[in-house]
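Me: Please take a close look at one part of this structure, the open sheet in one of the chains. I would also like to know how the two chains are related.

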2 protein chains.
Amino acid sequence: MIVNGEPLRPLRAAPERDAVLVIDQRRLPHRLHFERLATPQAVFTAIREMWVRGAPLIGAVAAYGLALQARSDAGDEALRRSAAWLKSARPTAVNLMWALDRMLRDTLNTAVAERVGVAWQAADAIAEEDVRINHAIGQHGLPLVEAVAQRKAGPVNILTHCNAGWLATVDWGTATSPIYQAHAQGIAVHVWVDETRPRNQGASLTAWELAQAGVQHTLIADNAGGHLMQRGQVDLCIVGCDRVTARGDVCNKIGTYLKALAAHDNGVPFYVAMPTPTLDLSLHDGLAEIPIEDRSPREVTHLSGRAADGSLLEVAIAPDGTAAANPAFDVTPARLVKGLITERGLVQAEAGALQALMHPPPR
Amino acid sequence: MIVNGEPLRPLRAAPERDAVLVIDQRRLPHRLHFERLATPQAVFTAIREMWVRGAPLIGAVAAYGLALQARSDAGDEALRRSAAWLKSARPTAVNLMWALDRMLRDTLNTAVAERVGVAWQAADAIAEEDVRINHAIGQHGLPLVEAVAQRKAGPVNILTHCNAGWLATVDWGTATSPIYQAHAQGIAVHVWVDETRPRNQGASLTAWELAQAGVQHTLIADNAGGHLMQRGQVDLCIVGCDRVTARGDVCNKIGTYLKALAAHDNGVPFYVAMPTPTLDLSLHDGLAEIPIEDRSPREVTHLSGRAADGSLLEVAIAPDGTAAANPAFDVTPARLVKGLITERGLVQAEAGALQALMHPPPR
């Protein structure tokens, strides 16, 4: 995306192939700062501590992590161990597993001496493929926005949860891709941005992204979305996803399920932007089978922001010693999902349709 | 309630009848500080700026506001004007209107010379009645908790939203009253405390209250409740209310509707603790008829907490200039409410049942 007139991505491979540079997303929207990750350990920390987050982005960054591993030890054992360890950084998003499995496949089939170059190319390919996928998601989602624009006056009101924007991917974003492409075509869009507690990816990342792109938006507490839908102020919901099962159950940021319920209750179409690497055909029942990451209680009891003097600091918002629970994701049953917007087209959240999408019958 | 061994209420009339002292709830959980309100203007500000909040409490505090008005000018015109102005401090909770109408009725029927004394007694009566009402709500809600305790091992898991605790009333709270009474009886209860963005009444007030009372609780982001219900980790929901219509539509803190949807989707009984002064029989369709207060966008984009050095300060959590919307309440349709826990007993959220509750047939 273009930010302040310059093309910008949250992930940039160093030309010397000795590091990957990533935007430290913990500092946004207050600071735009790149961190240089030069080891698999640094990549692990950046993923685990959410300097980078978003299912597609962590897949791509992890791929470079394995390429960095190849620089120090490209033996089978070292690569396998490193991949397993990188996978453990975040348990829920399947892209991490998908990217690392693909990296292993590409490198282990190669002579050890060539693995550094092969691994780097494979990571580059994963990153560039993500850009193409997300652009295609935008193309397939665009008609949904156009259809609303054609039948009503005023902007198309789209509610999104968390950040499934370009900061969550290598470029374009998933849920935001149709929005950016509609905006580029001159369609008036207005985005309701869920704050997305506890880590506030909506308030800090999505609001920032949309402002940079000049897309009209309004920040709301996560609590407000149902009320807005009851009042007819939401035309569409579009969210991202961290893992989707064979039958179309959608695992995404905690709170997504509540918005899907409200959308269903108010007849608002609820769409999920899904790159096919996020589809996990090995799982069926999302609620029973997808591992849900529990994160630190401190993410609930404390919160970072910018003080009046410009400094970034953390404040406590609960009494000292308060116990907190922090499940990071929830599962939206397929029945509440109107459709999945993929790079291959719009598809129903249903086993047969997903199977046909991934394994189309021979012509 | 007993706090640090001392009885404590959020509202205390000065013995000299020249002021009302209230806990400044903006400073909790970090500071327990009383503010002295000696004029109707001070009462207006305390209600408008949410030093005091909670439908029953603002009704009682407003009553003292009118009593303070009587001290300076007890004429019909002055009392009527003051009551109208105090009502405008918060538009949604009907208790404010109810308490001030009752104060006007009691004072205007009295000789002007006696109005100061009458008004003060009337305000005292409203406050004491609130205590009795809330205690009775606890008695009527207790069997719901007991029934769960009898059929399962481990604590009864109750989810609540916002603060409908003793801080929202003169004592006991509404939603918390059955919880405190169950706890007093030795029933193991565990409360899931919704943070309740944007003003965090759950994190700052409910968590504090429950900790003072020794009731086990866990703070969660508002986004997490649906996930917990999907996993069978919530036995009951009990929330308060700001206005309930003749057919049982419930207006309460923004986000309540989302929890009611999740409860319905997962077969979790969703109860509303309702003092009958919160019932507005003049309204029918909550969504169409209850005025919803829009509060300042700054409550969404900025947040207060305690810094590491102990100071209380505000931080920005969104990019500068981000537009925000801040509807303070939403409406939960009666169909999602399992029952209303009132001081007169448990009642269905349904027109006939509510009519019978308020106007029982003569025996």
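Reply: What follows goes through the sheet, then a helix lying across it, then the relation between the chains. The model is predicted.

The open sheet in chain B has seven strands with mixed pairing, in the order E8-E7-E6-E9-E12-E17-E18. Strands of a sheet pair through backbone hydrogen bonds, either parallel or antiparallel. At the edges of this sheet in chain B are strand E8 (216-220) and strand E18 (345-347), each of which pairs on one side only. On average, neighbouring strands of the sheet are turned by 25 degrees against each other, direction ignored.

At one of these edges, E18(B) is joined by three bridges to strand E17 (residues 339-342) of chain B, and the two run antiparallel. One residue pair can be named here: Leu340(B) has Val347(B) in E18(B) as its bridge partner.

Now the helix. Helix H7 (residues 201-213) of chain B lies across strand E6 (156-160), strand E7 (189-194) and E8 of chain B. The helix H7(B) runs at about 165 degrees to E7(B).

As for the two chains, a turn of 180 degrees and a shift of 0.0 Å along the axis lay chain A on chain B with an RMSD of 0.0 Å. That is the relation of a two-fold axis. The same surface serves both copies, as 100% of the contact residues of chain A recur in chain B. Within chain A, the residue that comes closest to the rotation axis is Leu258(A), whose C-alpha is at 2.9 Å.

How values were computed
Residues are numbered from 1 along each chain as its sequence is written. Chains are lettered from A and ligands numbered from 1 in the order in which they are written. This is a predicted model: local features need pLDDT of at least 70, side-chain atom pairs count only at pLDDT 80 or more; totals for chains, interfaces and linings use all residues. Side-chain values use heavy atoms; hydrogens and water are left out. Copies are superposed by least squares on the C-alpha atoms of residues with pLDDT of at least 70 in both. Contact means heavy atoms within 4.5 Å. Two strands pair if DSSP finds at least two bridges between them. Helices (H or I, at least four residues) and strands (E, at least two) are DSSP runs, numbered from the N terminus. Axes are lines fitted to C-alpha atoms, for helices over the stretch in contact, and angles run from 0 to 180 degrees between N-to-C directions.
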